[in-house]
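Please look over the structure below with attention to how its sheet is ordered and what packs on it. The report that follows takes these topics in turn.

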Amino acid sequence: MAWNGRPEVTSVHRCLDCDFRFYDRGLSDAEAAAFYAAYRTSDYLKNRHADEPFYTRKVHAGIDEFLHSPIRRKSLAEALARGGVSSFENVLDYGGSDGTLISELGATRKAVFDIGGSETIAGVEKATELREEWDLVVCAQTLEHVTDPFATMQELVRLTRPGGAIYVEVPNEIWKRAASPRPVRNVLLRVASKSRWLFIAMDIYSTGFRIKTGVLPPLGFMPMREHLNYFTPRALAALTSRAGAEVAFSGFNLTGEIVVVARKPQ
């Protein structure tokens with residue numbers, strides 16, 4: 001969907017200090033635009049299901065239901081409170097689709113910046129230019145999608161007024177890996193990248209085992225779908241600090257997602 005071509009073999013790199021993981025191959029701006037132009041639409045479901053039989057309409061609807069669920073909005077408010085963030089006049093949701101997540105926050109002005117084509121809900125405006133500074137910048141379920149998460153985190157800090165707050169949320173997807181002969185696995189992957197049905201079979205084996213057990217099985221692989229990065233709480237906090245913000249709270253929210261609440265220094 002991103003580059004309109006066959007699967008490519010890439011490597012997953014891992015930080016031995018914080019366990020952050022990312023792919024050797026990211027997405028260019030043009031590839032990201034192509035992928036997210038129809039993100040989470042019926043065409044997206046159709047195209048993804050063709051290569052991932054387990055990505056069904058029920059799974060697709062379940063993800064949408066979670067993204068728009070009241071518990072996510074409650075989790076945001078609870079995490080902000082734990083980080084000591086209680087008042088703000090304006091809030092920007094960076095990568096926030098239609099703005100549902102910030103819709104219940106007590107801000108006078110609410111806006112969303114997103115490269116997708118979603119229309120915002122009532123009470124939330126669409127930000128087209130990012131020049132001003134905001135009291136609160138929210139970035140939820142977005143940082144795992146970007147090729148350069150450090151540059152994105154620096155942008156979040158830039159968009160926040162001095163003394164303002166930043167909320168970042170990413171999924172908890174770190175896996176363990178079973179021992180397997182890497183050269184054999186790599187040869188198998190190169191063959192599978194040229195064989196549609198072998199690729200699908202390996203994906204079902206790898207993904208099903210990992211989701212059920214949290215372990216990547218022998219000869220299994222971690223497919224690069226829309227997620228390019230995989231965080232731990234320590235990794236997300238370190239990234240936030242390195243970008244220039246002061247971490248006030250780091251850990252898990254009510255739904256089990258990894259979150260950081262930080263302040264931009266005065």
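## Packing of helix α8

In this predicted model, the buried residues of α8 pack against α5 (149-159), β7, β11 and β12. Helix α8 spans residues 233-242, and its buried residues are Ala235, Leu236, Ala237, Leu239 and Thr240, where buried stands for a relative accessible area under 20%. Just after α8, the backbone at glycine 244 adopts a positive phi of about 110°.

## The sheet and its edges

The strands β7, β11 and β12 belong to an open sheet of seven strands with mixed pairing, whose order is β5-β4-β3-β6-β7-β12-β11. Because β5 (125-126) and β11 (246-252) each have a single partner strand, they stand at the edges, and one side of each is left without a neighbour in the sheet.

At the β5 edge, the pairing with β4 (residues 109-113) is parallel and comprises two bridges, and alanine 111 stands opposite glutamate 125 in β5.

## The hairpin of β11 and β12

At the other edge, β11 pairs with β12 in the antiparallel sense over six bridges, and glycine 251 has valine 259, in β12, as its bridge partner. Five residues lie between the two strands of this hairpin, in which glycine 256 takes a positive phi near 85°.

## Helix α4 across the sheet

Helix α4, formed by residues 70-82, lies across four strands, namely β6 (134-140), β7 (160-170), β11 and β12 (258-263), and runs at about 135° to β7. Strands β7, β11 and β12 are thus met by α4 and also by the buried residues of α8.

Methods:
Residues numbered from 1 in each chain as written. Predicted model: local features only at pLDDT ≥ 70, side-chain atom pairs only at ≥ 80, totals over all residues. Heavy atoms only, no water. Pairing = 2+ DSSP bridges. Contact = heavy atoms within 4.5 Å. Axes fitted to C-alpha atoms, helices over the stretch in contact; angles between N-to-C directions. Buried < 20%, exposed > 50% of the residue type's maximum accessible area, 1.4 Å probe, protein only.
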